[in-house]
Amino acid sequence: MLPPELQPRAFRPYISSSASAPSFPTSSSSYNSDLNPNSSPGSTSYYAGSTSSRRTSSTSSNSRYSSSSFGHNARIAVSLVPSAIFLLDLGGAPVVAILLLGLMIVYILDSLHFKSGSFFAFWFSLIAAQMAFFFSSALYYSFSHLPLALLAAISCALANFLVGIWVSLQFKWIQIEYPTIVLALERLLFACAPLIASVLFTWATVSAVGMINAAYYLMVFNCIFYWLYSIPRVSSFKFKQQISYHGGEVPHDNFILGQLESCVQSLNLLFFPSLFHLASHYSVIFSSTVAVCDVFLLFFIPFLFQLYASTRGALWWVTKKESQLHSIRFVNGALALVVVVVCLEVRVVFPSFGRYIHVPPPLNYLLVTITLLGGAGATAAYAVGMISDAFSSLLFTALAVIVSASGAIVVGFPILFLPLPSVAGFYLAHFFTKKRLSSYSAFVVLGSLMVMWFVIHNYWDLNIWIAGMSLKSFCKLIVGSVILAMVVPGLAVLPSKLSFMTEAGLISHAVLLCHIENNFFNYSNVYYYGMDDDVMYPSYMVAMTSCMGLAIVRRLSMDGRVGSKAVWILICLYSSKLSMLFMASKSVIWVSAVLLLAISPPLLLYKEKSKTTSKMKPWQGYAHAGVVSLSVWFCRETIFEAFQWWNGRPPTDGLLIGSCILLTGLACVPIVALHFSHVMSAKRWLVLVVATGLLFILMQPPIPVSWTYHSDLIRAARQSGDDISIYGFMALKPTWPSWLLIAAIVLSLAAITSIIPIKYIVEFRAFYSIAVGIALGIYISAQYFLQAAILHALIIITMICTSVFVVFTHLPSASSTKLLPWVFALIVALFPVTYLLEGQVRISKSVLGESEIIDTMEEDNNVAMLLAVEGARISLLGLYAAIFMLIALEIKFELASLMREMITEKGGLRHTQSGQISSASVPPKLRFMQQRRASTVPIFTIKRMAAEGAWMPAVGNVATVMCFAICLILNVHIAGGSNRAIFFLAPILLLLNQDSDFFAGFGDKQRYFPVTVAISAYLVLTSVYSIWEDVWHGNAGWSVNIGGPDWIFAVKNLALLILTFPSHILFNRFVWSNTKLADAKPLLTIPLNLPSVIITDIMKIKILGLLGVIYSLSQYLISKRQYVSGLKYI
């Protein structure tokens, strides 16, 4: 029996591709390779029949389906990523906020392994974002006609839908469980992405540069996306088969797109740009010959492009015979080429370059047509491979000679020297047909002479200054660039030993091009005898030359004609030109080139054929990091200009230094990630550098002048008096304490990443905790409490005690467990002393300082002083709340770690014997290192916990209760006793621990009991207080308005409050005991809460009623679930 891959398609057995069914693609492919004598090492993905319209059945499609990662992500990202960015820009902040929230939910669900939940959460996020887009974007106001606005909204919605499909293809479980749907989604994505993306790209371009040439922009984007998506591609979800199967040709039913989709995309390429131009210019479409030529160009240029794409299989759906395709390309290409050349003459050549045509009509039309049509025909014939024999080579050479001669006559070349361009054309054609370097050298020499004659004849005598230089100097640069461009193709033919000449020519041309474009783009004026005229060097020319340069470099690199170092330099030079589009600076292009040359070696160099990346040596890593640092410091002026352009004023010194440090750290990420990923110290130092840069940017500490003013540009900006005249004087807050906060955070990061070995050396641990406490104490005192020195001392002592307590609780020493309770007691004792001392010291200073004029003290000064005291005390409350919260979190974390250790030890006792046997096989040296490391790490053990650490639960509970109480006080002072605050503050009580002294019987099962009790008690007490306050002040609600006494109001609301008690009591008992109720008693308490929700006048009682309903339903559902689970277990 033949294997399934070689059986006829209609008789292949069905193989399920579910998640539980095993698949053996490796063994299957090896089996086929062994049986097939014509197997080749190359393989292509095949899939026989993915839809019912094909000849294969669905069972066959499932058997040949392969669940793998989507292989066309880069191709899809080219169209959908810019489209998504454009949609986010149109939608604004609401769309971005909804998407961020949705992606956070998706990330959480995916991390919890809820695959289907994360999938649906992502789609719900897209739907919500689309709804927000409809309501927040200005589409309906931007378009004057409602149908256009609706079309724009539909296009945006379809783009959003395609983004969702693209992300859906990344879910592995969908590929495994729904293979047919995945194939359909892939086809839908390839069919619709070019249609929608071209529209959005054109929309964005028109928004930036205007509507005049919108149809041409659409034509360009259509051609790009047609090449990316309509060229036949094989699905990434199909098994790889041998190419020799099906005669060595990929069957057409294995392509992603079918005949219908390919036909629709072809029609879109041909007709949509011209129809769009007709619709947008219908009133002037026949007003001139130029307007008519636009319509022909918009049709026939895409037609020529499609004929060229047919050489890559774009017209596979038309016919399968190569001879028919060749005849289609020849006949239609010739006709389209004639139309395009004639239209370009009318549209571009004669209107724009008529001054350079020195032949009178009608000969000028004839010679220009011969030149353009002959040159285009020869180029097209060579591109499609029609120059293959002696006769075609002869015709090609003759056509090149005729085109060269007619072109020379058109530009006014002397008739006496007419053989010169003819010989140049002959040698160029001879080079293309015979690939002889001598022929190309002759063409370069003759062509250079012709270029120099043209430049001298037309521009040399003009007294014009352009781009900051004379026209003669500019002409020299242009001639040099053209000569280099002509020399490089000949150098590329040289043997590989002489490839350095090609590299030198390419680098020289790239540097010259950067210099010319930098001068021409950054200078916007031409000076001609004192007259000013704007020079339009469009931005798209910079982008186009950069893209063409990168494409040429990539092609030469793939052909092996240039080395990796030359590719590295050329990529950096061509990419640096793009920086001119974002920042107007004369030096930005060179600064960007230096930065790219310093950052990119880990990515572009150190590559070998035998492996993907060859690792750097340590000294090379240090050298590259040093070069990166020097290059960033060299580019500080450009960074300064960038911030000045963004903010409208010079950046602070801290922001500038922080940006340089951050940029240095980010630039070193490729070095560490690609070449030193196994070195933990490198990762730690990189994290420390990046964090330091971020801290400098956020804190912006004062920097000494000598650090930043080694630049005339920065010094001039700092010493300018315009800031004062424009912005006026601004009261600056002292910023030197920010250095202390930066030092504390950096020290903490160094300790966390083990750069400072506090984990193993007790002395370092003590010095570290004291240093961090002093730094934080001085920072808080100098930044928020500037009045009393005694208060500063108390705050510093408090922060030192807190730092010591947290550090030594996490990493205890031999004697720390005995001293830490006293440290915590000192913190608790300092709290009331500091709180009371703050107000007393300030008031006593005010009274003593103004005792002589106490009678004349103004009332507003007293009020201001009292408000200042109140604000300072609230700040102290917030500080101590944070301190107690930190202590409670640390103790909770330590106790949880101890419980996990205890469980691990209990489980490890069962495997003692096997562990002893396995330890015997460990080498003695390794076993000694393990024992030494285990003995040096200071951690609590269970016995030490029982002996010396019994205070931890009590201390954690005291800290938790004090933090909760202080937060309630802050809620009263800051939020006025908000009802919603208790729902955010009550979870603090989850930090309570099992303690025999204060909370007897409290365990892990009762951890939610304090939260629910606190919420209920807080709402009950505040409700009683609200009733008493309203009655006391005579504000008794609606009962007073109709004449009722105050006690009616009080009795009614108290009765409604009491009606909410049963639900809360039952639920709190349930949370404490965690025992189910067999009856429906919780449901019976629901009606008691409804009057409290409907009738009461106090919002807190309404909240209690709603909580009672929620509590009763939750208790009933949880009990029912426990009951059902018990029955299942039985």
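**Exercises on salt bridges, a surface patch, cysteines and a helix**

F135 is exposed, with a relative accessible area of 71%; buried means under 20%, exposed over 50%, and partly exposed in between (1.4 Å probe, protein chains only). The model is predicted: local features need pLDDT of at least 70, side-chain atom pairs count only at pLDDT 80 or more, and totals for chains, interfaces and linings use all residues. Residues are numbered from 1 along each chain as its sequence is written, and side-chain values use heavy atoms, with hydrogens and water left out.

**Exercise 1.** Place F135 in its helix and state which nonpolar surface patch contains F135.

*Solution.* Step 1: F135 belongs to helix 5 (residues 115–136). Helices (H or I, at least four residues) and strands (E, at least two) are DSSP runs, numbered from the N terminus. Step 2: together with F120, F124, I127 and M131, F135 makes a nonpolar patch of about 600 Å². Patches are made of residues with over 30% relative accessible area and no salt bridge, like charges being joined within 9 Å and nonpolar side chains (Val, Leu, Ile, Met, Phe, Trp, Tyr) within 5 Å. The areas come from the Shrake-Rupley method with a 1.4 Å probe, and for residues only the protein chains shown count as cover. Step 3: a general point on helices applies here. An α-helix has 3.6 residues a turn, so residues three or four places apart point the same way.

**Exercise 2.** How many salt bridges does a search of the whole structure find?

*Solution.* Step 1: the criterion is a side-chain nitrogen of Lys or Arg within 4 Å of a carboxyl oxygen of Asp or Glu. Step 2: the search gives six salt bridges, among them the following.

- E261 and R187 pair with their closest N and O atoms 4.0 Å apart. E261 is in helix 11 (residues 259–280) and R187 in helix 9 (residues 179–209), so the pair ties together parts 74 residues apart in sequence. E261 is buried at 18% relative accessible area, and R187 is buried at 13%.
- R347 and D294 meet at 2.6 Å, N to O. This pair links distant parts of the chain, with R347 in helix 13 (residues 322–353) and D294 in helix 12 (residues 289–309), 53 residues apart. R347 is partly exposed at 27%, whereas D294 is buried at 8%.
- R555 and D559 have closest N and O atoms 3.6 Å apart. R555 is exposed at 52%, and D559 is partly exposed at 41%.

**Exercise 3.** Why do C293 and C343 not form a bond?

*Solution.* Step 1: a disulfide is a pair of cysteine sulfur atoms within 2.5 Å. Step 2: the cysteine sulfur closest to that of C293 is in C343, 4.1 Å away, which is too far for a bond. Step 3: the count by this rule is zero disulfides. As for burial, C293 has a relative accessible area of 6% and is buried; C572 is also buried, at 2%.

**Exercise 4.** Check the span of helix 14 and state what its buried residues pack against.

*Solution.* Step 1: the expected span is 1.5 Å times one less than the number of residues. Step 2: helix 14 (residues 363–383) has 21 residues and should span 30 Å; its end C-alpha atoms are 30 Å apart, which agrees. Step 3: its buried residues are N364, L367, V368, T371, G374, A378 and A381. Step 4: these pack against helix 13 and helix 15 (390–410), contact meaning heavy atoms within 4.5 Å. Step 5: just after helix 14, G385 takes a positive phi of about 80°.
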